[in-house]
Every structure is written in C-alpha cells, then in structure tokens.
Amino acid sequence: MNTLDGSLSILKNPAVLNYIFKGVAFTIILSVIAVGIGILLGSVLALVRNYCITRKTRVFRWLAVAYIEIFRNTPLLLWIFICLVFFPFPEFLSKKMFGLTSVEVKLLFKGAAALILFTSSVIAEIIRGGLNSVAQGQFEAGHSQGFNTVQIMIYIILPQAYRNIIPTLLSQVITTIKDSSYLANIAVIELMARVKTLLSAANRYNGTGSVNVSDVFVLFGFAALIYFIINFTLSSLVRYMQKHPRIPKSTTRMS
C-alpha cells in the first residue's frame, strides 16, 4: 500500500475520528473554563490593581501587580510543569469521570490550573484597559445619584468596561485555544495530546505495519486544520465586531 494512502486511511477510521473529536471537545471546554474563570479572577486583579491605592489597601495592589507580572511575563509551559509537580489535587476528584481514568483526570485538573493562572493574568490587563477607558466622570455621576463605590463598579463601570473589551477577549479565547496545545507535554487528553498518541500507534491503522513520515503530515495537518477552522471562525467574529461596533442605546440622562 502507498504510504500516503495508508496515512489518509487513518482518517477514514470512525474510531480514530471519534477519538480526535473528543480531543477537540476537551480543548474547547478547557479553553472556555480557563477564559471564564480567568475573567472572574482577572476582574478582581484589575480592580485591585487600579483602585487599591490608599495606604491601607496598597499591599493588595502590590500583590495583584506581582501576580499579573509574574504569570504574564513567564512561559505557560513553565507553569504547566510547576502545577504538575506542586499544585494540590482534591482527593474527591480521584476517580474516573468523563470517560477518563483517575490519572488522566488528575493531569487534566493540574493542566487546567496552569492554563487558568496564566490566562487570568493576561485577562486582568485586558480588563484593566477596559476600566481605564471609562471616563472618571462616571464615578462622580454615580455618587451624585446615591450609589456607593461597589454599586458604581457593578452597575456602571464594569458593564461599560466589559463592552469595550469584547473583541479583545475573543482574541484571547483564540490564543487560549492555541495555548491549550502545550498541555500535550503532560499527556492530558486535549487535541494535540490525542494526535501524538495516534501517531505513536499509526502502524495499527495505516496498513503498512510501520509509522511513516506521511503519518506525521496527515495527522498533524488534520489537527492544524481543526485549529484553523475554530480560530478563523472566532477571528472573523472579532473582525465583524470591530467593523460593526455595537452602539449603546441612549440612557436616561442623570439629573
């Protein structure tokens, strides 16, 4: 059998495709979780860094700055290996779930923790940029209406900040999806890890009895195509939102 034909035949195997697309699902789920938690944690970090400026709260600002700068300016791969060794794993999760063994669940948890730590530091700076884009007069307007500082943040400042950074956040989702491929280095079950596993066993599926160079191009090329389709779709959405910015409805003028 021609080696290229054999390599292409791997992708005709329903079990192989099912295995790959489960990896795609885990990649997307991991990325969504990392960005979702990253937005919550990043919001807190951004608020602390921006507004904890009094003598009593300045220490919290320093801690937020240290967190953001350390994680944002060091490689994700470094934190993946650090979390793999040092990050605590809850014992109640030490069981089979999602079709994974307990070992795979442990690796998935630690890999996700690293991705969340790294992503939250980047998102914190994105949100801080959104906060800085809101006019300071909004605080004065809120206080004049009887709102306290927390209410002003929740009802006035943060909604405007989030609206301003939606395209940038979507761009970060794209980056996070690509960054999740680093988790293949600790053998978790996202897309790239599964492609590497398939490549090591390609001789079982290609009909040639050995792993060929064409298997590398076909399997990794297919993974690249999947990443491209997902990220190009999101990129197109970002470009559309940038070209057609949502114009907020007129609000009742404060008196």
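This briefing covers helices, salt bridges, a surface patch and a few single residues. The model is predicted. It holds 4 salt bridges. R49, E69, R72, E125 and R128 are linked in a network of such bridges. Helices α5 and α9 each have 31 residues.

**Helix α5**

- Helix α5 runs over residues 102-132.
- Its end C-alpha atoms are 44 Å apart, which agrees with the 45 Å that 31 residues should span at 1.5 Å a residue.
- The helix is mostly covered, with 23 of its 31 residues buried.
- E125 is one of the residues in α5, and its relative accessible area is 19%.
- E125 therefore counts as buried, since the cut-off is under 20%.

**Helix α9**

- Helix α9 takes in residues 213-243.
- From first C-alpha to last, α9 reaches 43 Å, close to the expected 45 Å.
- Its buried residues include the nonpolar side chains V218, L219, F222, I226, I230, L234 and V238.
- Also buried in α9 are S214, D215, A223, Y227 and N231.
- The buried residues of α9 pack against four helices: α1 (3-10), α2 (14-51), α7 (149-179) and α8 (191-200).
- A224 is found in α9 as well, but at 45% relative accessibility it counts as partly exposed.
- The C-alpha atoms of A224 and S144 are separated by 54 Å, and the two residues are 80 apart along the chain.

**Salt bridges**

- E125 forms a salt bridge with R49, and the closest N and O atoms are 3.1 Å apart.
- E125 lies in helix α5 and R49 in helix α2, so this pair ties together parts that are 76 residues apart in sequence.
- R49 counts as buried, at 12% relative accessibility.
- E125 also meets R128 in a salt bridge, at 3.0 Å from N to O.
- E125 and R128 are 3 residues apart in α5, and therefore about one helical turn separates them.
- R72 and E69 pair through their side chains in a salt bridge of 3.4 Å, N to O.
- These two residues are also 3 apart, here in helix α3 (residues 58-72), which again puts about one helical turn between them.
- An α-helix has 3.6 residues a turn, so residues three or four places apart point the same way.
- R72 is partly exposed, with a relative accessible area of 32%.
- E69 is partly exposed too, at 25% relative accessibility.

**Surface patch**

- I29, I33, I37 and L41 make a nonpolar surface patch of about 310 Å².
- I29 lies in helix α2.
- At 46% relative accessibility, I29 counts as partly exposed.

**Loop between α8 and α9**

- N206 is found in the loop between α8 and α9.
- This residue counts as buried, at 1% relative accessibility.
- A polar atom of the N206 side chain lies 2.8 Å from the backbone oxygen of S210.

Definitions and conventions: Residues are numbered from 1 along each chain as its sequence is written. This is a predicted model: local features need pLDDT of at least 70, side-chain atom pairs count only at pLDDT 80 or more; totals for chains, interfaces and linings use all residues. Side-chain values use heavy atoms; hydrogens and water are left out. The expected span of a helix is 1.5 Å times one less than its number of residues. Buried means under 20% relative accessible area, exposed over 50%, partly exposed in between (1.4 Å probe, protein chains only). Contact means heavy atoms within 4.5 Å. A polar contact is a pair of N or O atoms within 3.5 Å; within protein, one must be able to donate a hydrogen and the other to accept it, and residues adjacent in sequence count only if both atoms are side-chain atoms. Patches are made of residues with over 30% relative accessible area and no salt bridge: like charges are joined within 9 Å, nonpolar side chains (Val, Leu, Ile, Met, Phe, Trp, Tyr) within 5 Å. Accessible areas come from the Shrake-Rupley method with a 1.4 Å probe; for residues, only the protein chains shown count as cover.
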